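Here is a friendly first walk through a protein model. Take a moment to look at the sequence and the structure, and then read on.

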Amino acid sequence: MKKFSTSGLPLLALALGLVPRVAMAQQAEPAPQAGDEADFDDDFHNRSNEAGEIVVTASRSIRELDILAGTSVVEGLELQRSMDGQVGEILEEQPGVSGTGFTPGASRPILRGFGGERIRVLTDGVGTLDASNTSDDHAVSINPLTVERIEVLRGPAVLLYGSQAIGGAVNVIDKRIPLRLTEEPIHIDTLASYDTVNDEYRVGGSVDVPFANGFVFHLDGSYLDAGDLDIPGFALTDDLRADLLADALEEEGEGEFDEAAELREQANARGTVPNTFVETTSVNGGLAFFSNGSSFGFGAGYYDSTYGVPENPAGGHHHHEEGGAGGGEEEEEGVSIGLEQFRADFRADLDLGSGFLDRMLTRVGYSDYTHTEFEGSEVGTVFDVTGFEGRAEFVQNPVGDLRGSFGGQFYIRDFAAVGEEAFVAPNQTEQYGFFTLQELSLGNFQIEGSARYETTDARSNALGVDRHFDVLSGALGLSYDLGGLRIGVNGSRVGRAPAGEELFADGPHVATGQYEVGDVNLDVERAWGLEGFVRGQVGPATVNLTVFKSWFDDYIFLDNTGTFVDEEGTAVPADDEEAIPLFTYLQQDANYFGVEAEVSVPLIENDGFAVIGEASAEYVEAELDDGSPVPRIPPLGLSGALTATTGAFDVRGEVEWFGEQDDVPAFESTTDSFTFVNASVAWRPIRGDKNVTLLAKVENIFDQQGRRATSFTRDYVPLPGRNFSLSLRTSF
């Protein structure tokens, strides 16, 4: 295990001792008792909050933050219906959300076209402290099987959680630190499911036991096992197949019949994507104490995942081993990734009384993470990340029409990569931030403002580079309540310091088949943002419409140069056996424009029977200053759904349409439009009790092929084919 630099310890002590944090996690309303499903499983809970009110787990000072943030919540039946092994896949149906979809074992969320270092993935309010931000092939170290809900936060207010949330944040609420006292002597939650498309079965469960006047003990565990992914048609795109078949003819003309046969086999692979297996295990435990409006809690957990990384036939980057002692023919080895994380967490919520300060909320997380890339059975590269993050907040009691909070945050990360293809130099990051959020209510008119100052040190002793960045960000929002319908506008000026990977990368990355080069001279990325919204009720309909625009200065992006190099970084022809495409981190001004829209309408409401209609749309356009499109931007997406409910059954049908994406930069492939049709039936067999739900669903009913424009692997890893799924959730 690596050790932290001690240079930041005085500041760390100051942050822990003097500067409280915004504990986003579990402090919103008085928490319901375990087993109370009224809020947990509202079958007709709109994905976005009605009238803009955040009813999630944000701290008390911002639980009604309806101007600066927009939120979606996935919980209960919707979470069960969308369940997957990766957070990015679960959120795919949320407006404005895509997944990186690198492989079934690794998919990180993309919000409004922003991914990587512009999206914070949080566990209960603090970062996941893994390596998922380093590259799309790195999984998020969260197992959704035992989470309670997932929150998607958009808009400039999410900068309260760090400059890396410039595009939004995803907060996963788990229960490793108990969230509430239980009324039962023991409370048990379980979830089990099976999917046919990859022969995947999942099982997870948790136990909460109260004891000794205010203490609650928690234990949970989960297991997921999946085979290779079934797909409709060919694995490769038509263009990639044509290239491989042309290469096969060329090899055959030169008398290389074995090579030609191998190329044809790759080109004609269909029905399954090889090497897309996943196996994941997690176990967590925690202890919390509740007394007189305050609580303290500790938790610890272990996460282990192994998954395959399918080969890019066009990557030109191959790994071989001798077939025998006599020097027989060489065989390619499959690439897989094994990751492990040990994590420890602390949470405190202190009632400070009725003076100027209402509460002190504290959240700290520590992680020891190891990520190993295997080439067959050989260890290729090992990534080690030790992370430490804490947040604290003082929540103010209202003073007249003014309320708010202020606090601070620290983040320390030690990153090291070891191996022949360790493409990022060892580096350390220390970051300290201070923030405030204030809201003034003047009748139906509201004004909200937030500000954040952040200082970041990123250094690599191996390269002899030490960079320092100071970033000041702010946002101002105005809104007016028209009586159930709120209209408003937000403006922001935000900044983000470059990450260690963007600064210090220089080498081949086996899992992605790319040679990546960073730039130690990158500057702070800054952006002006403007957002207008309408949220709330229009007659019987619930609507949510947001239009946003961002103007970036010195936008950081990973650019495909169109050239090829070998493992030493020396330029080689594209048809060289060891050729790897060269990607470099560059900076250029950029503009983003987007629209998100949702509407939910009750079509029929009779005693014991109701039908709800839903529709949504999402669109993002992003362009660099030189006129070229930003890489990997999602296309126009439209969806519609009908849900019919009776006392014991919910029947739902969905249609999702994604347009073609042909507005792409040089050397990036286009994607065609596609339509998926899905259906599900949920049955609650215990009359009047939602604590047992059996769900049957079929996804992609017509077995259509689709490719995700946001994915690096879209040319050879299409989306899953027809899938039949059965799941059972219980809570007692």
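The report below goes from the whole chain to its helices, its aromatic rings and a few single residues.

## The whole chain

Please keep in mind that this is a predicted model. The protein chain has 732 residues, and 58% of them count as buried. Six helices and 35 strands are found along the chain. How much of the contact network links residues 24 or more positions apart? Such residues account for 69% of the contacts in the protein chain with a separation of 6 or more.

## Two helices side by side

Let us turn to a pair of helices. Two packed helices are described by the angle between their axes and the distance between the axes. Helix α4 covers residues 238-253 and helix α5 covers residues 257-267; their axes are 8 Å apart, at an angle of about 165°. An angle over 145 degrees counts as roughly antiparallel, and therefore α4 and α5 are roughly antiparallel to each other. The crossing in which α4 passes α5 is left-handed.

Which residues meet where these helices pack? On the α4 side they include Leu244, Leu245, Ala248 and Leu249, and on the α5 side they include Phe257, Ala260, Leu263 and Ala267. Charged residues take part too, among them Arg241 and Asp247 in α4 and Glu259 and Arg264 in α5.

## Aromatic rings

The count of aromatic pairs comes to 19. One of them joins phenylalanine 298 and phenylalanine 346, with ring centres 5.0 Å apart and planes at 45°. Planes under 30 degrees apart would count as stacked and over 60 as edge-to-face, so this pair, at 45°, is tilted. Phenylalanine 298 belongs to strand β14 (residues 294-309), while phenylalanine 346 belongs to strand β17 (residues 335-351), so the pair ties together parts that are 48 residues apart in sequence. Are these two rings buried or exposed? Phenylalanine 298 counts as exposed, at 53% relative accessibility, and phenylalanine 346 counts as partly exposed, at 23%.

Phenylalanine 552 and tyrosine 555 also form an aromatic pair, this one edge-to-face, with 5.1 Å from centre to centre and 75° between the planes. Phenylalanine 552 is buried, at 3% relative accessibility, and tyrosine 555 is buried with a relative accessible area of 3%. Both residues belong to one aromatic cluster, together with Phe114, Phe557 and Tyr592.

Some rings have a charge for company. The charged end of arginine 270 sits over the ring of phenylalanine 234, at 4.5 Å from its centre. Arginine 535 lies over the face of phenylalanine 533, and there the distance to the ring centre is 4.0 Å.

## Two aspartates with positive phi

Two aspartates have a positive phi, a value noted here in a residue other than glycine. The table sets them next to each other.

| Residue | Phi | Loop | Relative accessibility |
|---|---|---|---|
| Aspartate 124 | near 60° | between β4 (119-123) and β5 (126-127) | 1%, buried |
| Aspartate 703 | near 55° | between β34 (692-699) and β35 (723-731) | 28%, partly exposed |

## Two buried residues and their surroundings

Histidine 509 is found in strand β25 (residues 506-509). Its relative accessible area is 0%, and histidine 509 is therefore buried. How far apart are the C-alpha atoms of histidine 509 and serine 135? They are separated by 9.3 Å, although the two residues are 374 residues apart along the chain. Leaving aside neighbours within four places in sequence, histidine 509 is in contact with Ser135, Asp137, His138, Glu373, Phe383, Glu421, Phe423, Gln514 and Glu516.

Proline 109 has its place in strand β3 (residues 109-111). With a relative accessible area of 0%, proline 109 is buried. From C-alpha to C-alpha, proline 109 and valine 121 are 8.1 Å apart in space, and they are twelve residues apart in sequence. Again leaving aside neighbours within four places in sequence, the contacts of proline 109 include Val87, Gly88, Leu91, Ile119, Val121 and Val170. Phe114 is another contact of proline 109, and Phe114 is also one of the members of the aromatic cluster described above.

Conventions: Residues numbered from 1 in each chain as written. Predicted model: local features only at pLDDT ≥ 70, side-chain atom pairs only at ≥ 80, totals over all residues. Heavy atoms only, no water. Phe/Tyr/Trp six-rings, centres within 6.5 Å; stacked < 30°, edge-to-face > 60°. Helix = DSSP H or I, 4+ residues; strand = E, 2+ residues; numbered from the N terminus. Buried < 20%, exposed > 50% of the residue type's maximum accessible area, 1.4 Å probe, protein only. Lys NZ or Arg CZ within 6 Å of the ring centre and 35° of its normal. Axes fitted to C-alpha atoms, helices over the stretch in contact; angles between N-to-C directions. Parallel < 35°, antiparallel > 145°, perpendicular 65-115°, else oblique. Left-handed = near helix turned anticlockwise from the far one by under 90°. Contact = heavy atoms within 4.5 Å.
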